[in-house]
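Here are some friendly notes to read with the model open beside you. Take the points one by one, and find each residue on screen as you go.

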Amino acid sequence: MAEALTQGSRVVARTLALELARVTERAAIAAAGLRGQGNEKEADQAAVDAMRAELNSLPIDGIVVIGEGERDEAPMLFIGERLGSGEGPSVDLAVDPLEGTTLCAKDMPGAIAVMAMAERGSLLAAPDVYMQKIAIGPGYPDGLIDLDASPADNIAALARAKGVAPAQITAIILDRPRHAALVAAVRATGAAVRLISDGDIAGIIFTTSPEETGIDLYLGTGAAPEGVIAAGALRCTGGQMQARLILDSADKRRRAEGMGITDPNRKYGLADLARGDVIVAATGVTDGALLRGVRFKPGVIETETVVYRSATGTVRRILGEHRRPAAFGD
């Protein structure tokens, strides 16, 4: 296999980007076999097992620096797990084998298998906790939004930069009780809110093409793994993002300190979350606005995958046809 990393400023090779697509394809196919069955843990486990097996076949020395941990109470690709053959480039991995476990279990739109890879030390290493996030797409002055500013101030700044009234701004927010006050504050400005039940990686990515998605701004609190992976995608497509880990217990702070996080209140910028050459791959499990879900047809399994790479600023969509039964082991 072609050399995958250079020294110092050297980057992850494009051949490895295709290999990551294979990883998320396998996880998506495994999870899709359990769509609509009502069992979140079983679907998640299937995706985890498939992703782990495929990653272990790659010629990398990989470490999961951010993953699902214990939050979903299922066997995970845990933080600190080493994956790959052990030969080849040393890389960080941020994984979410099945984003939208409930969506998959209920066969609702938007479930994906997704992960990010970067040169060792490039992705934020953090415990499995929640994270405050704010994000916008490309084309705006640096520092336009601020995690510590009010929703009204952020929306006003974005509207001025866009040359529109606040009523023409749409924010996307996870539909959670914890966001009730946030939703009310956004609506009080005249801006619109699109609520999503799950899938904040896609929610953040939607901000990169508001003319197509209608989404200008992401706001709210979600899981840290999704935040790091979404930051990787923004590195490839452009945009701004700020985040802060929610370390609201002594245990979480101890775990964070053990991973080198000394300031529990630190506000992270996009480059703090994901820097260097980052590759992000995502494959649809169920149909959604970002990706089409897995299709099982006689003798063929069809997938749709998007691969982002920051070094080249490319976004590639891959329509895969996997011949059965080789689709589960090619």
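1. Let us begin with V285. Is V285 buried or exposed? V285 counts as buried, because its relative accessibility is 0% and the cut-off for buried is under 20%. Please keep in mind that this is a predicted model, so each value here is computed from predicted atoms. V285 sits in the loop between β11 (278-284) and β12 (295-297).

2. What surrounds V285? Setting aside neighbours within four places in sequence, V285 is in contact with A28, A31, A32, R35, L98, C104, A111, I112, A113, G293 and V294. Take A111 from that list: V285 and A111 are 174 residues apart in sequence, yet their C-alpha atoms are 5.2 Å apart in space.

3. Now look at the largest nonpolar core, which has 49 residues. Which of its residues touch the most other members? They are L123, M241, L245, L273 and Y308. Helix α8 (residues 224-237) gives the most to this core, contributing eight residues. There is also a second, separate core of 38 residues, and its members include V95, C104, M117 and A281. You have already met C104, as one of the contacts of V285.

4. L123 deserves a click of its own. Not counting neighbours within four places in sequence, L123 is in contact with V65, D92, L93, A94, A116, A118, V228, L273 and A274. Notice L273 in that list: L273 is also among the residues that touch the most other members of the largest nonpolar core.

5. Next comes L270, in helix α10 (residues 270-273). L270 has 15% relative accessibility, so L270 counts as buried. Leaving out neighbours within four places in sequence, the contacts of L270 are A231, L234, R235, G239 and M241. The C-alpha atoms of L270 and G227 are separated by 9.9 Å, and the two residues are 43 residues apart along the chain.

6. Helix α4 (residues 151-162) is a good one for practice. α4 has 12 residues and reaches 16 Å from its first C-alpha to its last, close to the 16 Å expected at 1.5 Å a residue. Which residues of α4 are buried? They are P151, N154, I155, A157, L158 and A159. As a reminder, an α-helix has 3.6 residues a turn, so residues three or four places apart point the same way. The cover over the buried residues of α4 includes β5 (130-136), α5 (180-188) and β8 (217-223). Just after α4, G163 takes a positive phi of about 75°.

7. Staying with backbone angles, turn to D107, in the loop between α3 (101-105) and β4 (112-119). The phi of D107 is near 55°, which is a positive value in a residue other than glycine. D107 is partly exposed, because its relative accessible area is 46% and partly exposed covers the range between 20% and 50%.

8. For contrast, try G88, in the loop between β2 (82-83) and β3 (90-99). With a relative accessible area of 53%, G88 is exposed. Not counting residues up to four places away in sequence, G88 touches P59 and D61. The C-alpha atoms of G88 and D61 are 6.1 Å apart in space, and the two residues are 27 residues apart in sequence.

9. K41 lies in helix α2 (residues 40-56). At 47% relative accessibility, K41 counts as partly exposed. If you draw a distance from K41 to D248, 207 residues apart along the chain, you should find their C-alpha atoms separated by 26 Å.

10. Finally, a pocket. Rolling a probe the size of a water molecule over the atoms shows where empty space is left. The second largest pocket has a volume of about 270 Å³. How many residues line the second largest pocket? The lining has 16 residues, of which P109, G110, I196, F206 and A289 lie nearest the centre. The elements that give two or more residues to this lining are β7 (192-196) and α6 (200-206). By class, the lining has nine nonpolar, five polar and two charged residues.

Notes
Residues are numbered from 1 along each chain as its sequence is written. This is a predicted model: local features need pLDDT of at least 70, side-chain atom pairs count only at pLDDT 80 or more; totals for chains, interfaces and linings use all residues. Side-chain values use heavy atoms; hydrogens and water are left out. A nonpolar core is a set of buried Ala, Val, Leu, Ile, Met, Phe, Trp, Tyr and Cys residues joined through side-chain atoms within 4.5 Å. Buried means under 20% relative accessible area, exposed over 50%, partly exposed in between (1.4 Å probe, protein chains only). Helices (H or I, at least four residues) and strands (E, at least two) are DSSP runs, numbered from the N terminus. Contact means heavy atoms within 4.5 Å. On a 1 Å grid over the protein atoms alone, a cavity is a set of points where a 1.4 Å probe fits but cannot get out, and a pocket is an open set with protein on both sides within 12 Å along at least five of seven lines; lining residues have an atom within 4 Å of a point. Grid points are joined across faces, edges and corners, and a volume is the space filled by probe spheres set on the points. Ala, Val, Leu, Ile, Met, Phe, Trp, Tyr, Cys and Pro count as nonpolar, Asp, Glu, Lys and Arg as charged, and the others, Gly among them, as polar. The expected span of a helix is 1.5 Å times one less than its number of residues.
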